[in-house]
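Some labels for a structural model rest on cut-offs. The questions below ask how each label is reached.

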Amino acid sequence: MWEPPLTTFISADECDPTSGIDRSGGQFILTRTLAPGTTYHWKVIAKNAFGELAGATWKFTTGSAPSDLNYTGPANNSTDRPLDTTLNWTCVGATSYDVYFGTNATPPLVSIGQAGSSYSPGPLAPGTTYHWKVIAKNAFGELAGATWKFTTGSAPSDLNYTGPANNSTDRPLDTTLNWTCVGATSYDVYFGTDANPPLVSIGQAGSSYSPGPLAPGTTYHWKVIAKNAFGELAGATWKFTTMLVIPDGISISRVVLQKNSDEEIFVHGKNIDNIGGCSLILTYDSTYLEIDTNKGNNGVVALNSFNEGLIIVDATTAGTLRIDIAFMSAKNISDEDIFKIYVKTMNKTGDTQINITGQVLDPSTNPIAVDFTETQ
């Protein structure tokens with residue numbers, strides 16, 4: 001239906017020349033602006049010297065400014081909104097809209113005269129409060145909506161490792177990693193023997209990880225990255241060392257030696273019966289280590305059950321240490337350190353090997369009772 005503008009021309013066939021009405025074109029020009037959405041009635045009486053003629057009374061209604069402006073989302077004061085949130089509204093009679101949007105409580109104008117009743121501000125920042133309002137317009141006026149606000153969701157926070165403790169030692173071989181986090185929906189877990197551990201679990205829901213049976217006497221590194229739809233939070237890299245599982249026979253306890261320092265290496269005996277003595281040869285990388293022959297017996301001290309034996313130590317060849325020991329009577333070794341070896345480390349870092357080979361002698365028949373090789 002046609003809606004007359006707020007400035008309207010009313011036509012008439014004849015006009016009284018004395019009425020002050022513009023006779024040109026038979027029009028009456030209203031000298032005031034009409035109210036929107038209002039019904040007006042009008043008629044014309046045509047006159048001349050011989051009489052007058054009254055026209056019928058007509059009416060018209062002016063157009064209305066927009067009405068019923070309603071925001072349909074996001075809800076006012078809503079939280080955890082997606083980062084791709086779109087503003088939506090409805091309105092009666094509007095032909096265009098001005099949209100105000102931003103982090104200020106009095107948001108700036110971001111879209112002027114748009115036709116659609118929605119606005120997509122683009123990727124939003126997580127954990128941020130945004131304010132918005134809409135002004136609906138048409139030819140007859142405008143209608144301003146209230147200012148609403150919403151807050152986007154936040155990335156995970158408060159990521160805390162609960163175990164195993166950083167730098168802890170003697171951890172069980174079935175150690176499980178545990179942590180807590182606020183707001184995370186999934187986790188990526190990194191785990192391994194490298195200081196920059198590899199990714200081993202991606203997008204898991206639970207806040208624990210069981211790597212399975214671990215190697216004894218080994219240092220493991222791990223970290224967790226917590227994620228949700230709004231971002232991610234990376235935890236620090238922690239490490240722990242598993243307990244040493246000592247094998248039967250003679251072995252070297254796993255050690256971590258500091259560079260350029262005085263250190264000790266232990267040789268261990270376990271579950272060896274009726275031992276009358278042994279002959280051991282240790283080989284090592286002399287660019288990393290040297291035997292400190294100023295301590296003990298050429299750098300070696302017999303321990304526990306072995307401290308009563310007759311011992312001969314040869315450390316004259318760099319990279320090789322020979323230890324021979326014999327007892328007056330046979331011994332049973334259940335689980336104990338049998339030698340301590342004093343070493344000096346060089347001023348360098350890296351992984352090296354210490355190899356041990358040798359014989360354990362049965363005192364009754366003097367054959368080789370145990371033949372072994374151990375590498376550390």
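Two strands count as paired if DSSP finds at least two bridges between them. The model discussed here is predicted.

Q: What makes β22 and β23 a pair of strands?
A: Pairing needs at least two bridges. Strand β22 (residues 219–228) and strand β23 (residues 231–234) are joined by four bridges, so the two strands pair. They run antiparallel, and they form a hairpin with two residues between them.

Q: Which residue in β23 does Ile225 stand opposite?
A: Ile225 stands opposite Ala234.

Q: Why is Thr287 called partly exposed?
A: The class between buried and exposed runs from 20% to 50% relative accessible area. Thr287 has 43% relative accessibility, and therefore counts as partly exposed. Thr287 lies in the loop between β26 (262–284) and β27 (289–291).

Q: What makes the link between the side chains of Thr287 and Asp285 a polar contact?
A: A polar contact requires a pair of N or O atoms within 3.5 Å. The side chains of Thr287 and Asp285 are joined at 2.6 Å, so the distance satisfies the cut-off.

Q: Which residues is Thr287 in contact with, leaving aside its neighbours within four places in sequence?
A: Contact means heavy atoms within 4.5 Å. On that basis Thr287 is in contact with Met346 and Lys348.

Q: Where does Thr241 lie, and which residues is Thr241 in contact with beyond its neighbours within four places in sequence?
A: Thr241 lies in strand β24 (residues 238–242). Its contacts beyond those neighbours include Ser168, Asp170, Arg171 and Thr218.

Conventions
Residues numbered from 1 in each chain as written. Predicted model: local features only at pLDDT ≥ 70, side-chain atom pairs only at ≥ 80, totals over all residues. Heavy atoms only, no water. Buried < 20%, exposed > 50% of the residue type's maximum accessible area, 1.4 Å probe, protein only. Polar contact = N/O pair within 3.5 Å; in protein donor to acceptor, adjacent residues only side chain to side chain.
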